[in-house]
Amino acid sequence: MTELYADIIVDVSHEKLDRPFQYRVPERLRGTLEAGMCVEVPFGNGNRRMKGYVIGMGEECKFDPGRTKDILGIVQNGVGVEDRMIALAGWIRKNYGSTMIQALKTVLPAKQSVKKLEHRTVQRIMGKEEIISLLGESRRKKQVARERLLQELVEQETIPYEWVTGKLGVSAQTVRSLEKSGAVRVVSRMSLRNPVNLGGASSGLKPEESERQRDDGRMMLSPAQQRIIRDVMADFDAGKPGTYLIHGITGSGKTEVYLQIIAETIKRGRQAIMLIPEIALTYQTLLRFYRRFGDRVSVMNSTLSPGEKYDQCQRAKNGEIDVIIGPRSALFTPFPNLGVIVMDEEHEGSYKSESAPKYHARETAEEVARLHGAGLVLGSATPSLEAYFRTQTGEYKLFQLKERLTGGHLPTVYTVDLRQELREGNRSIFSVKLQELLADRLQKKEQSILFLNRRGYAGFISCRSCGHVMKCPHCDVSLSEHKNGRLICHYCGYSEPKVSLCPKCGSRYISGFKAGTQQIEEKLQAMFPGVRTLRMDGDTTKTKGSYEEILSAFANREADVLIGTQMIVKGHDFPGVTLVGVLAADLSLSAGDYRAGERTFQLLTQAVGRAGRGRLPGEAVIQTYQPEHYAIVCAADQDYENFYREEILYRELGDYPPAAHMLAVQIFAREEGRAVELAESLAELVRTKYGITRNGTEDSGESVRVIGPAPAAIGRINDIFRFVFYVKSSKYGKLVEIKDLLEENIEKRQLRTEAVQFDFAV
Ligand code: ADP
Ligand code: ZN
Ligand code: ZN
């Protein structure tokens with residue numbers, strides 16, 4: 001019988017924890033021992049008995065089998081909160097590649113002395129009726145900011161000051177004037193605790209109140225909603241919690257389902273983690289959770305200091321809260337008995353960490369759920385290909401919510417062919433249709449959004465006459481214009497000279513796309529003199545609070561048209577908007593990476609869905625050079641299933657995730673030559689190990705392929721050159737094996753670990 005070995009982290013408080021140690025699994029523990037368990041092992045020369053954590057197992061002995069020691073035994077009931085977090089760190093290190101210290105820092109909050117913070121709140125001191133009458137007065141006087149605050153105060157006695165001036169966009173002056181008129185007072189207290197608590201100790205929402213509220217206005221869940229809750233809880237009660245994907249457009253009642261599943265989970269004495277992309281973490285969403293769970297819910301977000309984060313973790317560990325809401329890092333909240341993880345907007349890019357370890361919250365959530373025996377509920381209007389793929393393979397269970405419960409209609413969408421516009425002599429960046437509709441809205445005093453889809457834009461070259469895009473013949477992704485004047489593929493490194501005539505139709509109109517939001521604003525003002533515009537992009541949102549300022553100004557109808565990049569299509573609802581114009585749908589479509597079609601579909605679907613959220617029906621115009629592209633056709637039809645069917649074919653043909661797994665190995669160096677050399681040598685190491693020839697992309701029989709190296713999409717940042725090569729395999733385990741091989745080599749050559757990073761696409 002082959003031997004079985006376990007990777008074990010020993011004594012976390014020790015400096016030398018940065019590597020797991022291998023121990024032999026004695027026969028009596030086979031079949032019982034699992035990753036995540038706490039064990040006792042002999043350690044060091046004196047064979048001191050120490051606690052360790054199993055982070056993985058395998059048949060290969062990495063050291064001298066004769067000198068590898070045996071595990072002494074499993075520590076019964078030894079799996080405490082901390083133990084699970086350490087096991088999780090081990091799993092992250094193994095699956096994403098990082099040092100153990102980086103992984104531990106990711107999952108454990110830094111111990112910090114908690115600084116006392118001043119916590120200010122706006123409290124209503126008038127009765128509800130008086131507030132309502134003030135509200136009516138503000139409405140008549142069109143004091144919109146004042147009206148917004150009063151509206152909130154009808155529902156809530158106490159509102160955190162930073163919410164008032166932040167998300168609500170109410171100025172300090174307006175608050176002062178309400179204070180003068182005796183409607184509110186601003187209360188300051190030192191807070192150690194819940195940093196975004198909506199109330200003070202005496203006036204905060206209590207769960208009883210929320211119960212009452214529920215009885216008052218409790219909605220009947222639809223049969224489709226009830227079925228989801230029933231199925232998820234039935235699996236949970238049967239001891240078989242699973243992973244679920246709820247596919248439903250905005251307003252289809254997903255959040256209501258999350259709330260109910262969480263409530264059911266809490267009833268069973270377990271806790272819940274609610275993941276939300278930071279940008280979608282609005283006051284309204286939070287309020288719904290507070291109404292339901294009162295003081296038993298807390299929030300984790302990037303504005304918390306390390307001390308506050310630590311404090312939140314302590315509260316979770318001590319059983320003071322049942323629910324935490326936050327972005328991906330909230331996944332590491334140390335609940336003693338977690339029952340469910342909910343992940344809203346599961347497709348969002350922000351769920352992937354951008355620094356080592358580059359973990360993805362979805363897969364990590366699966367592991368956290370496994371360690372706790374908890375369920376995992378994903379939700380999205382435009383599911384990631386990965387998640388939807390897994391519903392097709394049966395790994396996840398799929399639920400659909402098809403109806404919008406908020407009223408409002410799906411907008412009418414017009415797709416405009418920009419090639420045709422050019423042929424008909426229109427050289428403006430606004431198509432005839434868009435000009436017409438803009439004029440109509442300005443005349444009717446309704447609002448419009450112009451969306452410039454710059455996401456991931458990497459300088460691709462396309463023909464304005466026929467729409468042809470210059471692509472890599474090997475990778476089927478767009479080539480990008482490089483500073484040396486050549487066109488280059490960021491996957492395989494293929495390059496060719498720049499062209500001056502379109503290879504397909506011979507037109508001279510072949511070039512990169514130049515227009516930015518500022519230019520669009522100027523052209524709009526030239527076309528419609530007197531139009532009031534607001535601009536939102538990387539430049540106009542650099543300073544703190546400017547993002548909220550622009551949003552609230554637009555919500556206050558201080559502008560007719562909001563022009564912006566992808567920032568404007570997320571999160572916020574503008575009931576006054578009845579027209580959305582997408583100026584260059586192709587920018588993200590040709591972004592030079594295999595997810596370009598998926599991102600385009602998501603962004604266009606979201607953008608189009610911005611129109612007609614209110615009373616009035618909406619319209620949207622998508623301007624594109626590739627009107628026949630399935631991502632555009634399906635977004636215009638708001639048809640996810642068809643999009644998925646087309647996109648998964650492309651992924652299968654190109655061996656891109658989720659059809660295959662892919663590991664990006666990123667190499668950084670100050671000198672370009674050094675980066676190339678390092679990248680080449682590491683790629684070669686993999687090729688040699690799996691018997692792959694230098695230029696071959698053929699299957700090695702081990703189902704491993706190596707592509708590149710090539711300069712990264714952004715080839716140089718802060719004078720550090722960046723190169724990348726890709727390894728693809730149908731088996732995830734192979735990629736982990738290759739990452740280990742490379743890590744070992746890097747260590748042996750004593751390269752600095754920062755010089756190489758691993759990025760798993762799944
Ligand atoms: P999503 O999270 O999918 O955007 P929500 O759960 O926020 O959807 O629901 C959208 C709106 O519809 C909310 O105002 C919510 O209160 C309401 N709603 C949800 N479920 C129902 C229902 N069964 N009956 C009536 N209204 C509902
Ligand atoms: Zn052409
Ligand atoms: Zn290529």
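## Charges and rings in a predicted model

K358 lies in the loop between strand β13 (338–344) and helix α12 (361–372). Helices (H or I, at least four residues) and strands (E, at least two) are DSSP runs, numbered from the N terminus. This is a predicted model: local features need pLDDT of at least 70, side-chain atom pairs count only at pLDDT 80 or more, and totals for chains, interfaces and linings use all residues. Residues are numbered from 1 along each chain as its sequence is written, chains are lettered from A and ligands numbered from 1 in the order in which they are written, and side-chain values use heavy atoms, with hydrogens and water left out.

### A buried lysine

K358 is buried yet has no salt bridge. Buried means under 20% relative accessible area, exposed means over 50%, and partly exposed is in between (1.4 Å probe, protein chains only). A salt bridge is a side-chain nitrogen of Lys or Arg within 4 Å of a carboxyl oxygen of Asp or Glu. For K358, the nearest side chain of opposite charge is D759, 4.1 Å away. Lys and Arg count as positive and Asp and Glu as negative, while His and the chain ends are not counted.

Which side chains make polar contacts with K358? The side chain of Q666 does so at 2.8 Å. The side chain of Q757 does so at 3.0 Å. A polar contact is a pair of N or O atoms within 3.5 Å; within protein, one must be able to donate a hydrogen and the other to accept it, and residues adjacent in sequence count only if both atoms are side-chain atoms.

Contact in general means heavy atoms within 4.5 Å. Neighbours within four places in sequence aside, K358 is in contact with Y96, K352, S353, Q666, Q757, F758 and D759.

### Salt bridges

The count comes to 35 salt bridges. Three of them are set out here.

| Salt bridge | Closest N to O | Relative accessible area |
|---|---|---|
| K397 and D231 | 3.2 Å | K397 34%, D231 17% |
| K444 and D440 | 3.2 Å | K444 44%, D440 24% |
| K739 and D740 | 3.2 Å | K739 0%, D740 24% |

The K397 and D231 pair links distant parts of the chain. K397 is in strand β15 (residues 397–401) and D231 is in helix α8 (residues 223–237), 166 residues apart. K397 is partly exposed. D231 counts as buried.

K444 and D440 both lie in helix α15 (residues 432–444). They are four residues apart, about one turn of the helix. K444 is partly exposed, and D440 is partly exposed. Both belong to a network of salt bridges that links D440, R441, K444, E446 and E619.

In the last pair, K739 counts as buried, whereas D740 counts as partly exposed.

### Aromatic pairs

A pair of aromatic rings is described by the distance of the centres and the angle of the planes. Rings of Phe, Tyr and Trp (its six-membered ring) pair if their centres lie within 6.5 Å; planes under 30 degrees apart count as stacked, over 60 as edge-to-face and the rest as tilted.

The structure holds 20 aromatic pairs. In one of them, the ring centres of F21 and F43 are 5.2 Å apart and the planes stand at 90°, so the pair is edge-to-face. F21 lies in strand β2 (residues 21–24) and F43 in strand β3 (residues 38–43), so the pair ties together parts that are 22 residues apart in sequence. F21 counts as partly exposed, at 26% relative accessibility.

How are the rings of Y491 and Y726 placed? Their centres are 4.8 Å apart and their planes are at 45°, so the pair is tilted. This pair links distant parts of the chain, 235 residues apart. Y491 is in the loop between β20 (486–488) and β21 (495–497), and Y726 is in strand β29 (residues 720–729). Both Y491 and Y726 are buried.

One aromatic cluster is formed by Y388, F601, Y630, Y640, F643 and Y644.

### Charges over rings

A charge sits over a ring if NZ of Lys or CZ of Arg is within 6 Å of the ring centre and within 35 degrees of the ring normal. K433 lies over the face of Y414, at 4.2 Å from the ring centre. R508 lies over the face of Y509, at 5.8 Å from the ring centre.

### A buried alanine

A683 is in helix α22 (residues 672–690). A683 is buried, with a relative accessible area of 0%. Beyond its neighbours within four places in sequence, A683 is in contact with V706, P709 and F725. A683 and F725 are 42 residues apart in sequence, and their C-alpha atoms are 7.0 Å apart in space.
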